Amino acid sequence: MGKYIVEGQARLQGELRVQGSKNAALPILAATLLTPHSVVHNCPNLSDIGAASNILEYLGCRCSLEEGTMTVDTAGCCRDDIPDNLMREMRSSIVFLGAIIARCARARISMPGGCELGPRPIDMHLSGLKKLGVSIRDDYGYLDCRAEHGLHGAKISLPFPSVGATENIMIAASVARGDTEIHNAAREPEIYDLAAFLCACGGKVQIDSSGTVYVSGVEQLQSCEHTVIPDRIVAATWLSCAAITGSRLHLYDVEPQHLTACIPMFEEAGCELRAGESTLDIVSPRRLLPLRMVRTMPYPGFPTDAQAPFMAMCALSSGTSVFVENIFENRYKHAGELCRMGANIKVEGRVAVVQGVPLLHGAKVECTDLRGGASLVVAALAAQGDSEISEIRHVERGYEDLEGNLRSLGAKIKKVEKSGDIC
Ligand code: EPZ
């Protein structure tokens, strides 16, 4: 349980490598359950990845993460349940459901609760799995799922392009009898990366130009090796750090294509960006311009996960920015913390109006969730004076060595453990 101490008004410079994507690695680790042995490169070292390994090990698999490569051996897999404590450790543990059912024809998991972002129902996951032949019984807070006659293909149309539901159905359908179609599926780059992993294991997955996913089930997936895509949200966060501090930054091992909704926003704020082959450079103005309207949408729209870091940026802009959060009900908790630093933000339901101020000041603030926590670090880098950011366990779920990366760019940030020891 630590905190960051950030000395503000930093000017950053230099280059950063972008880590592998948390949200691509997690469903891929779930899918490894369907292979004898998998080697996953560019796997970030994060507490959420640790939580996924804990689940795999609980199920009887052997996992090891060394220098960004995760190896998973499933020979010892002998369980088909996930206990409550492991489910609660990470909201997206639900993505293991399809894989466990596909491997064991049965799964028993505790009902995942809501999270900091509001209610997180799983109705689309369950109705999709039911169409693949799964019977589901609610057993006092546990979901008891069975595929007595095995899984079979189906035509599924999602009411909303849910990322997690698309992934769960894709994984289960990859070894079901027959063909599956997922209409109105999610189109995030992480979906394409999961499809690439399943194909590398001998699966048959195609995605057409409308984003419809086609899966032809195979008997068994094979051992394979795969490299996870870069983390587009981490890249957007580093760019926000550069933009708010008026800095120049070079990112490498990044996929600019995955940031097509973010790059024009940085340009609207007055930044210059140059994309190269897996590189991205940003040059930022002394003062940012406001963003007329930031609407979060499913991909390829503006990512909800980048909303908070962008809000921190707009807090110091020269005008009024408007945010509309269309994906999650309750994703503005960071706004109150940013106001402690002198920001002027009014929230009304899913709309937030950010009136840019000339100066933010250091303060004691608390992370409320992963991306909200990142936005406090973004603001603290530009604020006058020192900030103390607590509950950083949220941030460590998604950012590998955040303080080390920022320090390498010249930021004055240190992590202090509860004991007062500096890390
Ligand atoms: C994934 O969450 C990401 N997590 C989230 O990133 C991201 O914010 C989200 O997609 C949207 O892009 C991972 O990939 C691990 P959804 P997921 O299912 O799969 C509703 C981060 O910061 N819904 O697309 O849970 C749901 O409540 C995290 O890295 C249902 O109603 O998102 C939400 O309002 C946070 N019923 C919306 O759809 C369902 O069965 C989008 O959820 C499923 C979802």
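How far is an oxygen atom of the ligand from an N or O atom in the side chain of Asn-23? The distance is 3.1 Å, which fits a polar contact (a pair of N or O atoms within 3.5 Å). Keep in mind that this is a predicted model, where local features need pLDDT of at least 70 and side-chain atom pairs count only at pLDDT 80 or more, while totals for chains, interfaces and linings use all residues. Residues are numbered from 1 along each chain as its sequence is written, and side-chain values use heavy atoms, with hydrogens and water left out.

The backbone joins in too. A polar backbone atom of Met-124 sits 2.7 Å from an oxygen atom of the ligand, and one of Pro-121 is 3.3 Å from a ligand nitrogen. On its own the ligand has 830 Å² of accessible area (Shrake-Rupley, 1.4 Å probe), and the protein covers 86% of that.

Now for the shell, meaning residues with a heavy atom within 4 Å of the ligand. There are 23 of them, and the closest are Asp-123, Met-124, Ser-162, Asp-305 and Ile-327. By class, 11 are nonpolar, 6 polar and 6 charged; Gly counts as polar here, and Cys, Tyr and Pro are among the nonpolar ones. Two or more shell residues come from each of α1 (22-31), α5 (123-131), α6 (163-173) and α12 (370-382); these helices are DSSP runs (H or I) of at least four residues.

Turning to strands (E runs of at least two residues), β3 (residues 37-41) and β14 (residues 224-227) pair in the parallel sense over 4 bridges, where pairing takes at least two. His-41 has Thr-227 of β14 as its bridge partner. Thr-227 lies on the uncovered face of β14 with Glu-225, whereas Cys-224 and His-226 form the covered one.

How values were computed
A polar contact is a pair of N or O atoms within 3.5 Å; within protein, one must be able to donate a hydrogen and the other to accept it, and residues adjacent in sequence count only if both atoms are side-chain atoms. Buried means under 20% relative accessible area, exposed over 50%, partly exposed in between (1.4 Å probe, protein chains only).
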